[in-house]
Amino acid sequence: MHKSLFSIGRVAALIALGAPILLADGAQTGTISGTVKSTAGVPLAGATVQIQGPSMQGTRRAATEANGEYRFLLVPPGVYRATVTKDGFQPLTVSITVALNQTTRADLPMAAVGAATVEVVASVSTIETESVTNQTNVTKELVDRLPVGRTYQGMMLLTPGVTGGSNPTVLGGYSGSNIYLIDGVDTTDPTTGTFGLNLAEDSIEEVQVLTSGISAEFGRFQGAVANVLTKSGSNKWEGSVRYNFSNVAWNADAPMTTTKPPSNLVKTPFVTLSGPILKDRLWFFASFQIPKTSSTQYTTGPLGSGGVAFDRVFKADPQWYSAKLTWAMTPNHTLILQSTGDPAIIPYVLYGTTTTLDTTTKQGQGGNFYSLSYRGMLGKNVTLEAKYAKQESKIEVWGNGGNRWIFYDQNDAAGRQYENGPFEGYVKRPRTQFNLALSWFPEAAGSHEIRVGMDSQKTDSKNKFGAIGDTEVYFSGFTGSTGYPVFSNGIPTNYNIDPDYDFLAVYSHPVESKSTQKFTAIYINDKWKFNKNWGANIGLRYEKVDGTNDVGQNIWNYNTVSPRMGLTYDLDGDSRRTLSLFYGVYYQAPWQDGLDQYNKLSQSYSLYGYAGGNPHSRSSWDSSPFYTFNPTSDPGLITAPDLKGPRTNETTLIYKWQVTSRFSFTASGVYKEFKDQIVQAKYYDYAPGSTTNVIKYFRLENAKNSIRHYAGLMATGEYRGDKWYFMGNYTYSELRGNIDQGGITGSFNAFNRGLWIPAQPLAGNLNGILGADQPHVLRLFLARRATVLDWFTIDNGFRFTYSSGTPYNIAATWSMLGSQQPSFVLSSDRSQTVYYGNVRGLGRFNSTYGLDYTVTFDWAIAKKYHFFLRADITNILNHQEQATWSTSSTLAYPSTSDRSRYYFVPGSTFGKPTGSGNYITPRTLGFSAGFKF
């Protein structure tokens, strides 16, 4: 029976590109702390420290304690002017930079009246030396100087240990094991674990990437935490208009390109506007962009025929937007109302093995969220933060073949489809979330930063998918030798229908099914500094996870406890050189496709034999079915009673050195162990109450005996000057194990119980080098700013990257003879993947390197109005290196009657490139132009 027949009920897991879970984690502010002392080193009590800056509403003041200490909490990231005054001492003014979710320490010496003036540069630290966390903060101003993507996904790639593209792998994690927070709202896709929301690029203020040593405040991940802060208004009116220009005709030709693509100028507008509604009280920010991308793709084409070229267009529908209101009710209490959306439409999407444009689908996707946040000071050393968020996200799919039935060729192993797309319908995921966090800064046996919080959120997954017209036809090729349909009066006339083999599948009309997932978490974390040398970060996180299918059956229900423990030693006692040791446990949120696969309200179906006549007519098929399936009575879906959440154990050693106020260095070693990945085991056993009827079971369980280990050494140096910027990071790592799947749909312990166990060990259980392993990754960033006549600036930025090649498996399909297995085994289970030499990751692709360049020209008029022009060149040297190649191979057997012995035969293209996709991206060129004030 064709492999596509039973896929409709699970299709939402294949196409759900958006629809994130919502929860709130991660502070969206920073802290300023330090000590005011005389130039002789005596702490000064009662000094007044005042800060003000464009990112903060109003002015804030603090008086120093008896030990000279001061602290400002809930400070929005930005640059601040700090003024210190005290009777008998000269006033002192300094500049302090506050980064997202970090503490900036500024120790301020004051000179007595009449003494020599003291020149002070406050700390502009890019690392928080008192923290055990490995983190990288990337501001939009920095991205504007470097040839890196303006999206938050592109900004993540400045971080050591982060590799890949839009959904990177981080320190051995899966591409779907990161968590993406936008202003504290988790926008991670619950079905795939990948990013779930696109942002209007010019709305991003800063991105913080946490990779190891992460506190108990954060949960539901095994990779990185991407903490994104969007822009807010200010007391100044500000705005911008930017256009991006690209054209495939400007780019260099990739190797093996046969035809030059036609000229196609793509223009993408970006607009931002912000300012005060009430000065120091009520600010607004708004932005939108209308993205449109286009790339040439090809359908597979009918059997024996070439595919059809088409432009895969992705465009906003109508626009991506972000809007925010910030209201300072009092100097110590702030409300923030926000809404963000990314609706889009794609006219042609490839699902299945398409033949013509009629067999593609049209897809609408995206959604929006809104949130209401509060942050305030409840006392001198107590803060409260709260957030409520709600989101509606959806994907809708329509066939491009109108109301025609879809036809599948059973003689074609690729399962080509004819006349229409494979399905139509929608997935919708409404969700709500509430978050609360209380921070307390007591002094007791040292200083503490105690943060206690909880978050509660609920996500529904509403699915309604079905075959177009609720019908599918399975035929046996075409009459004649055409290999593709021949039309007469718009109807194909040469379908070959075998009455003993082919059939019509008729589905019940789809109904909406809904799975529900609930998370509740509470945590406590104490950043405790015992004295000037020793400190600790001690945290504990408790989570309760509950998931039910569409008829209320509990699929998973478990609790987790995550300890996070770090110890820090300040080598000199001045917060400039620290050594930290951390151990922590992280639990991944289970993907919601595991619930959707257990839904019972998916379509039932019946199969009908061929009676003769036009296969497009219902009257040409039998009136009575020869087989009927009802998923509500299917007993083959089971959840292991001891199911647990996927877990990661991490040990990290970090050395941080704030060499100067502008230069920092960090080195770390990380070891991670990944455990209890949720998989879907498959096996055959007797149906309940029967000793003869054998059925195939699916069992949701933790992967037993799974191994996945990551070990990495990382070093980062960064210099931030007025004119020069430099950052370099290097990662040396190894990723080994026997499990290389991040999703629930995979099988690790397949056929590991029941009536039948395969004769050969599963390829999925073999140990070796895993697919994301890259032993060496080097990134260098350099920017230089030149100013001419105070009104014209030129920024030059370079990026050099070197990456080891990723591993690949030399593998082939091993087919078992019918005599070697019971007759009840389905055809789809009569083969396995085997590895050459029984070794995983035996081969490795080429290492690659590239140099990118950007230059930006800025004209200032009256010091307020700026016109700018930017050029971005990727792979400026047009280094056309082959990165990958074909790894196809087959098995040969010494005896046709005994397939237990076999040997590998490389395919005709093995080790060779088969297209331009095997080479690194050739030189590409893009421009930006605009105006800002």
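# Group meeting talk: buried residues, a cavity and salt bridges

S513 is buried, since its relative accessible area is 7% and buried means under 20%. Before I go on, please keep in mind that the structure in front of you is a predicted model. You will find S513 in strand β35, which covers residues 513-529. If we leave out residues up to four places away in sequence, S513 touches S461, K462, N463, D550, N599 and L601. It is also worth looking at S513 together with Q603, because here we can set two kinds of distance side by side, and as a definition of contact we would ask for heavy atoms within 4.5 Å. S513 and Q603 are 90 residues apart in sequence, and their C-alpha atoms are 10.0 Å apart in space.

Let me turn to the empty space inside the model. How many cavities of 30 Å³ or more does a search of the whole structure find? The search finds eight of them, and the largest has a volume of about 460 Å³. This largest cavity is lined by 29 residues, and those closest to its centre are N101, E217, E449, R451 and K527. Strand β35, where we began with S513, is one of the elements that give two or more residues to this lining, and the others are β1 (30-38), β4 (69-75), β25 (382-399) and β30.

Now to the salt bridges, of which the structure holds 30. I have picked three pairs and one network, and I will take the pairs in turn.

In the first pair, the side chains of K324 and D183 meet, with a distance of 3.6 Å from N to O. This pair links distant parts of the chain, for K324 is in strand β21 while D183 is in the loop between β12 (179-182) and β13 (185-186), and the two are 141 residues apart. Are these partners buried or exposed? K324 counts as buried because its relative accessible area is 7%, and D183 counts as buried because its value is 4%.

The second pair is D740 and R708, whose side chains meet in a salt bridge at 3.0 Å, again from N to O. Here D740 is in the loop between β47 (724-737) and β48 (768-769), whereas R708 is in strand β46, residues 708-720, and 32 residues separate them. D740 has 36% relative accessibility and so counts as partly exposed, while R708 is buried, with a relative accessible area of 1%.

In the third pair, D795 forms a salt bridge with R785, and the closest N and O atoms are 2.9 Å apart. D795 is in strand β50 (residues 792-803) and R785 is in strand β49 (residues 776-788), with their positions 10 residues apart in the count. D795, at 7% relative accessibility, counts as buried, and R785, at 29%, counts as partly exposed.

Finally for this part, K140, E201, D202 and R242 are linked in a network of salt bridges.

From charges we move to a nonpolar patch on the surface. The patch has an area of about 790 Å² and is made by I277, L278, L325, L337, Y370, L372, Y388, F434 and L436. Three strands, β17 (265-278), β24 (361-379) and β29, each supply at least two of its residues. As an example from the patch, take L325, which is in strand β21, the strand that also holds K324. L325 counts as partly exposed because its relative accessibility is 34%, whereas K324 is buried at 7%.

I will end with some details of the backbone. Which peptide bond is cis? The bond from D317 to P318 is cis, with omega near 0 degrees, and P318 is in the loop between β20 (309-316) and β21 (320-330).

Two residues have a positive phi although neither is a glycine, namely E419 at about 80 degrees and A445 at about 55 degrees. E419 is found in the loop between β27 (417-418) and β28 (424-428), and A445 lies in the loop between β29 (431-440) and β30 (447-466). With respect to burial, E419 has 6% relative accessibility and therefore counts as buried, but A445, at 63%, counts as exposed.

Note on methods: Residues numbered from 1 in each chain as written. Predicted model: local features only at pLDDT ≥ 70, side-chain atom pairs only at ≥ 80, totals over all residues. Heavy atoms only, no water. Helix = DSSP H or I, 4+ residues; strand = E, 2+ residues; numbered from the N terminus. Buried < 20%, exposed > 50% of the residue type's maximum accessible area, 1.4 Å probe, protein only. Patch = residues over 30% accessible without salt bridge, like charges linked within 9 Å, V, L, I, M, F, W, Y side chains within 5 Å. Areas by Shrake-Rupley, 256 points an atom, 1.4 Å probe, with all protein chains shown as cover. Salt bridge = Lys/Arg side-chain N within 4 Å of Asp/Glu carboxyl O. 1 Å grid on protein atoms, 1.4 Å probe; cavity = no way out; pocket = protein on both sides within 12 Å on 5 of 7 lines; lining within 4 Å. Points joined across faces, edges and corners; volume = space filled by probe spheres on them.
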